[in-house]
Amino acid sequence: MARVLIVDDEPRIRDLIREHLQYAGFTCAEAGDGTQALAELANGGIDLVILDIMMPGESGIAACTKIREKNNVPILFLTAKSGEHDKVQGFSAGGDDYLVKPFAFDELLARLRV
């Protein structure tokens, strides 16, 4: 199954997502910010990125833009930012999908599988 990079500054959120994804058969890597995400992607082997927008330092939008400069890996934004402008900004930065927190894990899994 796919290897997913979970990028969120909240360790508890990363843990919760990782546990659910591993139970569903995915393997996971984690990063606490955009800089760590870029380093993890440079190591290779990532099939999909789950990316929060609001993180200290580099935002998820900035990280997505940098990822797109070097990599075409699918990116799903998973964030509390729910406005239309936020979604358009995410897609414009190169995101492939956008899911707002709080979310249902069944919906997250369905989106990851496509």
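1. Contact here means heavy atoms within 4.5 Å. Helices (H or I, at least four residues) and strands (E, at least two) are DSSP runs, numbered from the N terminus. The model is predicted: local features need pLDDT of at least 70, side-chain atom pairs count only at pLDDT 80 or more, and totals for chains, interfaces and linings use all residues. Residues are numbered from 1 along each chain as its sequence is written, and side-chain values use heavy atoms, with hydrogens and water left out.

2. Helix α1 covers residues 11-23. Its 13 residues should span 18 Å at 1.5 Å a residue (the step is multiplied by one less than the number of residues). The end C-alpha atoms are 18 Å apart, which agrees.

3. Which residues of α1 are buried (under 20% relative accessible area, 1.4 Å probe, protein chains only; exposed is over 50%, partly exposed in between)? They are R14, I17 and L21. They cover an arc of only 70° around the axis (taken from the directions from the helix axis to the C-beta atoms), which puts them on the same side of α1.

4. Their cover includes β1 (3-7), β2 (27-31), β3 (48-51), β4 (75-79) and α5 (105-113). Exposed R12 and Y23 sit on the face of α1 turned away from its buried side. Just after α1, G25 has a positive phi of about 105°.

5. D52 lies in the loop between β3 and α3 (60-70). D52 counts as buried because its relative accessibility is 4%.

6. Leaving aside residues up to four places away in sequence, D52 touches V7, D8, D9, G60, L78, T79 and K101. D52 and F77 are 25 residues apart in sequence, yet 5.7 Å apart in space, C-alpha to C-alpha.
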